[in-house]
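Me: I have a model open and would like to talk through some of its helices and strands. Could you go slowly and explain the terms as they come up?

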Amino acid sequence: MAELMRGAPVAAALTERLAARTEALAARGVTPTLAIVRVGERADDLAYERGAVKRCERVGVALRRTVLPADCSQADLMAATARVSADDSIHGCLLFRPLPAHLDEAAAAAALDPAKDVDGATAGSLLGVLRGEPVGFPPATAAAVIELLDHYGVALAGAEVAVVGRSLVIGKPVSLMLQARDATVTMCHTRTRDLAAACRRADIVVAAAGHAGVIGADAARAGQTVVDVGINWDEEAGALVGDVSFDAVEPIVGAITPVPGGVGAVTTAVLAKHVVMAAERTLAP
């Protein structure tokens, strides 16, 4: 039976550490503050927002919300983002994505100061990840993968890692972050020739393709660590499932994350961490 790498203990430990850091900031007259910019009332956005609000409250991060109607204009969105960038009392901004189709997401992100971009929405943040520089922040979900692996003591230096998925939200940034930790990364996707073989060779598999069950028993081997970032709705089962066929893979590998209850449970804690870090950077000499 594989070790089950649950996200809740990771988030709890991170929350405890962050609370001490917010207390230290408060002693210097700084309250870390997150601005949420949301367009519309998408159910998944609202669910994530509730989790973020609860986590920030536990950590000691203040919140401000800007909620725009789903049919808002590009000018309204740009103005909201610009206000956040110009407000020195706000340290981080979460711009919910994807935006409605009539809005230019790239333009809205470009209006945000990368120093306040706590979820990897801007080109500046992504360039910082590429260059390994503290400019902005990586996407919170990608950073949550690293946080979870560290918590469970998974060695990254020298490890062979297969990252399945090439999005700018998870696949590409987590690949760069793993390489920065001296892992050897193979970037894969759903069109990779013999995907199963590429995964079997790896010590660690990060599944972030956005396709339910794309990683099956034929992609697994004994001793592997499998991190399932996928969130998919299975109509037949009436439940959330990952990119990994859990029941088939879990008996084979050494450690695996559940869905739900794995990486997703860590993401809001990482978001809060980025806000605290952004506040700390404002005090740096």
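Reply: Two strands pair if DSSP finds at least two bridges between them, and helices (H or I, at least four residues) and strands (E, at least two) are DSSP runs, numbered from the N terminus. This is a predicted model, where local features need pLDDT of at least 70, side-chain atom pairs count only at pLDDT 80 or more, and totals for chains, interfaces and linings use all residues. Residues are numbered from 1 along each chain as its sequence is written, and side-chain values use heavy atoms, with hydrogens and water left out.

Me: OK, how many bridges join strand 5 to strand 7?

Reply: Strand 5 (residues 160-164) and strand 7 run parallel and are joined by 4 bridges, with Ala162 having Val205 of strand 7 as its bridge partner. Strand 7 is also joined by 4 bridges to strand 8 (residues 225-228), again in parallel, and there Val205 stands opposite Val226.

Me: And which residues of strand 7 are buried on each side?

Reply: In strand 7 (residues 204-207), Ile204 and Val206 are buried on one side and Val205 and Ala207 on the other, so both faces are covered; buried means under 20% relative accessible area, exposed over 50% and partly exposed in between, with a 1.4 Å probe and protein chains only. In a regular strand the side chains alternate between the two faces of the sheet.

Me: Switching to helix 1, which residues are buried there?

Reply: The buried residues of helix 1 are Val10, Ala11, Leu14, Thr15, Leu18, Ala19, Thr22 and Leu25. Seen down the axis of helix 1, they fall within an arc of 165 degrees (taken from the directions from the helix axis to the C-beta atoms), so they line one face of the helix. On the other side of helix 1, Glu16, Glu23 and Ala27 are exposed.

Me: What covers that buried face?

Reply: The cover on the buried residues of helix 1 includes helix 2 (43-59), helix 6 (140-151) and helix 10 (264-283), where contact means heavy atoms within 4.5 Å.

Me: At what angle do helix 1 and helix 6 cross?

Reply: Their axes come within 10 Å and cross at roughly 95 degrees; axes are lines fitted to C-alpha atoms, for helices over the stretch in contact, and angles run from 0 to 180 degrees between N-to-C directions. That makes helix 1 roughly perpendicular to helix 6, a term for angles of 65 to 115 degrees, while under 35 counts as roughly parallel, over 145 as roughly antiparallel and the rest as oblique. Pro9, Val10, Ala13, Leu14 and Arg17 of helix 1 make the contact with Glu147, Leu148 and His151 of helix 6.
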